[in-house]
Structure formats: structure tokens, C-alpha cells
Amino acid sequence: MSPIPKTAPFADEEIDLLNRVVGTATPVQRAWLAGFLAGLDASAGGALPIQPAGPARPAEPLTIVFASESGNSEKLAGDIAKSARKNGLKPTVIDMADLDLSQLTSAKKLVFIAATWGEGDPPARAVRAYNELMGESAPRLDDVEFGVLALGDTAYAEFCAIGKKIDERLAALGGKRVVDRVDLDLDFAEPAAHWIGDAVKVLTPPNAGGRVIEVDFGGKPAAPASTDIIEAEITEHVDLNSSRSDKETVHLALSFENGAPAYEPGDSLDLYPENDPAYVDDLLKVAGLAGEEKLRSDFLTSRDVTTLSLKTVETYAEKTGHHYVKALIADGQAREWIAGRQLIDLIATFPIALDAEKLRALTRPLAPRAYSIASSRREVGDEAHLLISAVRYESHGRQRKGVASNFVAEQLKRGGRVRVKLKPNKHFALPAPDKDVIMVGPGTGVAPFRAFVQERRATEASGRSWLFFGDRTFTHDFLYQLDWQDALKDGALTRMDVAFSRDTPEKIYVQHKLLDRRAELVEWLDGGAYFYVCGDAKAMAKDVRAALVRAFAEVKALSPEAAEQAVVTLEREKRYLQDTY
Ligand SMILES: Cc1cc2nc3c(=O)[nH]c(=O)nc-3n(C[C@H](O)[C@H](O)[C@H](O)COP(=O)(O)OP(=O)(O)OC[C@H]3O[C@@H](n4cnc5c(N)ncnc54)[C@H](O)[C@@H]3O)c2cc1C
Ligand SMILES: Cc1cc2nc3c(=O)[nH]c(=O)nc-3n(C[C@H](O)[C@H](O)[C@H](O)COP(=O)(O)O)c2cc1C
């Protein structure tokens, strides 16, 4: 019999671990362990009375559900679980991708952490469960106490929309909100830690059993991937578009003095950019603060000086009392006005005397941008490659530049340095080497698939691989063309289909190519292939999914509902994987 009961305030896998150690221990070893733990307690300040031996009190369960795409909510879910365990609760962490709504009805205490993606959408993996939760057949949650933490970005019009909707929905289904929701921006670390502390306190019953000492009983797990910010040297900086293309897509090779971070194909790097000096100078000039050197230096390296959110407009109205800006908010027109505009437009359009502190208060910390890693360590050793498209557009009569992509394209040079941090993504990983993979990656969406193909070559994977790539023109925009040709030759890539939208009178995209190849596509998927999509989330990812549903319907003569179900099944089996942005 296992000595540690399932009701102990540990996660199931920890109970298994403990049982593996304690279950096989001799009486002498157990006595030593008991003394050791008591001694630990005493040396920690003696704050905890040693409990007399008695029947174990069942630990109160806490269900933690996260809806995440790039891992922030998932990480916070882990933090809550840790904190809950310390408070004597028994947490269960569930990815919304795997959520069965019956798990909510059986939860007495529930924490939801939800990120918002696209334009007010749920994270891709969470869509199925989210729709079920919002649907008519969602179950009542009368006995459930809950709290919601929403993650988002104030730069988006639909700030934290999904967290807000889940919070409302849980209450509408009869749940009792015992912790108020917080809506957090990109600099969420500190407020999230506060919220977690408060939430766990509220959700812990007074007699929950106090602090639990954490002792590492297990064998040492593999060292976690280093996720510290590190400096890299730029060893290659090449524009992969031809000089006659209207795009600029930079292949960046980074090398690391103390070895590359332990990345896997499918992971990204967060890149820490600096602002465009010309934009910062214009902004300071417009604000009448051109001589403020300290502010200038701060703006160049550490503040987000381009984003214009509703919150920025409100802060401007509050700090300056500007009548027109106040009127814009009062009339409900601010939301529409900020679309396509930046901070500089607000100050240029509604000028008023500003000091450095007021201007600084309109900015938030400058956030890093994620870029898919386009290489495999097995092929490139201590390097990491990125593929970055310079974002440039015109709006409201002004030329605009994306901060990070233009920092890379215009400010970084070969021999220069840049700060990056590994952003692992275990939800976008290669399957076993004998499985077939289908990869759909137009534009920079192809970056992780270069890593996949390199990895499969290096591991001599026996599974087949099929790449769908698209861009504007064959001649000027065929990113990594030589790499794909080599891979087709040496067998690392089995097939490739391309769609160049501006080479033909009617625009052809990857989704059209998928439909052209529908019979083989369905055959690969029926044979167990994994389907990956990377790149544009706004249109491409949705169109690709719709094309796949249509492919199933046409090839297998299914009703639209049954074809949709075939794709849902792929998603549930984690054979339809997305990394879109
Ligand atoms: C997991 C992940 C992986 C990614 N991988 C890659 C990759 O491999 N390669 C890559 O190039 N990018 C990738 N991205 C996108 C990347 O992180 C940045 O979002 C992108 O480079 C733009 O950043 P920026 O700082 O240059 O632009 P920002 O300064 O952030 O400006 C972008 C903003 O400008 C506005 N905007 C852009 N175009 C227009 C327009 N036409 N009209 C009006 N407004 C507009 C929008 O508000 C947009 O949000 C990835 C993103 C994620 C989340
Ligand atoms: C392509 C993209 C779209 C996003 N769309 C929204 C949005 O509509 N509303 C919002 O509040 N945040 C939006 N965000 C910000 C994310 O919600 C935020 O980065 C969050 O911390 C991500 O959490 P996750 O890592 O758990 O997915 C978006 C981020 C990206 C990269």
C-alpha cells in the first residue's frame, strides 16, 4: 500500500514521487526523514508547530484553468499551483485545450487565467472549449467559487476581451466570484504576483493545513531551458528579398559566447529592441521637450513610445486636462480615433504644455517581440537563426515603422549585438521521427519549419515532410529558396507546394494549394500526419483551417458538420498545431 494518500496536499505526480521514496524506505530511513523534516521546520524559524501524527486531513482541491498561446498564462498557472500547494491546497492545472466542462462543475474552487489573441479572440488551442463554455449547453456552476486573471495588451482595441467574457460567463452560469478580476497589460509580472497572493488567500479555507515544506524527493530532472536575457552577436544579417521586392525580410544569425540557449524546433526568441532615434526625436520635438537628454535616452531603450491605447488617451486627458481630448473620450470617439495612430499623433493633434514626467507617464515599458527560431541546434551548433520581416506602412498621412522589426532591419549590423531570451513552446514541437508532418508557413511563417527540416535531417527522421510556402513573387520573395531545394534533394523535405500571390492575375494563397492537393492531404492525415500552421493569424490561419474542413468534406463526402468534426478531432489529438501571430 502507498503510505502517502491521494488526499495529501501535493500534485498527483508529486504523490507518486513521494510514494516511490517513502514506500520503499526502511523504518530507519523513515524515522530519519521524519526527524529531518521536523528539523527543517525548526531551523526555518520554528514558526510552524509540529503536528501530532493523526489521520491526514484531505487537502482542499483547487482547479486552475489556463488559456494560453505564448505561455504567459501557463506560467502563471504554475505559479498559482505552487502558491496554492504551499497553502495546503491540492491544485490541478488544466490547459483549456484539454478542458472538459464537467471538470468545472466538479470544481469547488476555480481560478481561470486567460489571454486574448488575434483581435479579441481566444488563444487558438482554447477555441473549442471556449465555444463550449459560451454555448447553450454549458453546465451550471452553482457551487463553484471562482476568480479570473486576464492577460492582454492595451495596444489592442479588445483589451483582455477573453478574460472579461470568461469572468462574465462563469458568473452567468451561477458561479460565485470570490476574487475580482484583474486585466493586465504586457508588464503583468508584479500585479499578477499580487493577484495570485490575494486569490490563494481568499480560496484557502481557514483550516487548510498551513504551509507545506517543499522538499525535492525526486531524481534531478533535466536542467530547464535557460530563459535568462542573454546577449548575442550578429554573425549574419541578410535581406532575403531581392532588391526589387517591396518587402524586406532579414535572415539574422546569432551566436552566443557561452553556448546557445537550449532551444528546440518550434521555440521562439524574445528580442529586446530599441526605438528609432528619428521617431524619438520627432516625438520630443512635438512635445516641446527636444533638450531633455535623460528622457531621450530612456525613450530610446526602455519605453514604448509608439503605442497609442485608450488608456494613453485617458491618461493624457487626466494629466493635461485637454478639453478636446476629454470631449473625444466623452463622445465615445476615442476608440475610433486611435486606430492606425501612434502617441506622436495624439500630441501633435492636441498640443499642450508638457513636462518630461507627464510625457513619460504616457508610455509603458518597451516590451520584447517574439521571433520563431529558424534553425536547429543539431545543424547550426551554438547559433540561432531568425527571419524577421520589416513592418512598414502608411496611415493618417504618416510613414510608420514597426519598432523591433525595423530595429533589426535598420539598426542592427553584422558584428553588432542584441539581447534575446528563449521563449520555449512545447505546444509546437515535432512529433516522433517516424510520423509524417505537413507544414503550412507563408511569409515569415516558414521560419520554424526551417528548424523542423534541419532537425529532421540531423536526426535522420523516417517520417515524410510536406511544406506549403507562399509569398508575393517567385523571383523576389522566395525566402530560403536554396535551403528548400537542398532539403528536397537530400530527402529532409519530401514535398513542397508554393503559392505566389502576385505572379498570376488572380491571387493564389497557400489555402488554395491545400485544396488543390486535398486527396493526398487527407490521405496523409488519415495516416497519422501532424498538421502545423505558422504565420498570420488574422486571415491566413482561419482560411487554412476552413480549407482543411473543405478538403475533408470533399474527399470523404462528409457533411460540413462532420468535416468540421474531423478537424476538431485533429485538434483534440494535438495533430493540428498552430503558432500564429
Ligand atoms: C510567437 C510569435 C512568433 C513570431 N515570429 C515571427 C517571425 O518569425 N518573424 C516575424 O517577422 N515576426 C514574427 N512575429 C511577430 C513579431 O513578434 C512582431 O509582432 C512583428 O515583428 C512586429 O513587431 P514590430 O515591433 O516591428 O512592430 P510594432 O511596433 O509592434 O508595430 C506593429 C503594430 O503596428 C500596427 N500596424 C502594422 N501594420 C499596420 C498597417 N498596415 N496598418 C495599420 N497599422 C499597422 C499594428 O497595430 C501592429 O500591431 C512573431 C510573433 C509571435 C507572437
Ligand atoms: C498577435 C497577437 C494578438 C493579440 N491580440 C490581443 C487582443 O486582441 N487583446 C489583448 O488584450 N491582447 C492581445 N494580445 C496580447 C496577449 O494577450 C498577451 O501578450 C498575453 O500576455 C499573452 O499570453 P499567453 O502567453 O498566455 O498567450 C495579442 C498578442 C499577439 C502577439
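## Helix H23 and what follows

Just after helix H23 comes Lys574, with a positive phi near 60 degrees. Helices here are DSSP runs of H or I with at least four residues, strands are runs of E with at least two, and both are numbered from the N terminus. This is a predicted model, in which local features need pLDDT of at least 70, side-chain atom pairs count only at pLDDT 80 or more, and totals for chains, interfaces and linings use all residues. Residues are numbered from 1 along each chain as its sequence is written, and side-chain values use heavy atoms, without hydrogens and water.

H23 covers residues 560-572, and its end C-alpha atoms are 18 Å apart; this agrees with the expected 18 Å because its 13 residues are counted at 1.5 Å each, with the span taken as 1.5 Å times one less than the number of residues. Its buried residues (under 20% relative accessible area, 1.4 Å probe, protein chains only) are Ala563, Ala566, Val567, Val568 and Leu570. Among the elements covering them are helices H5 (127-134), H21 (518-526) and H22 (540-556), plus strand S20 (576-580), where contact means heavy atoms within 4.5 Å.

## Around ligand 1

Now to the ligand: 19 residues surround ligand 1, each having a heavy atom within 4 Å of it. Strand S11 (369-372) gives the most, four residues, while strand S12 (383-389) and helix H16 (403-411) each supply at least two.

Polar contacts are pairs of N or O atoms within 3.5 Å. Oxygen atoms of ligand 1 lie 2.7 Å from a side-chain N or O atom of Tyr371 and 2.5 Å from one of Ser405.

Terms used. Chains lettered and ligands numbered in written order. Buried < 20%, exposed > 50% of the residue type's maximum accessible area, 1.4 Å probe, protein only. Polar contact = N/O pair within 3.5 Å; in protein donor to acceptor, adjacent residues only side chain to side chain.
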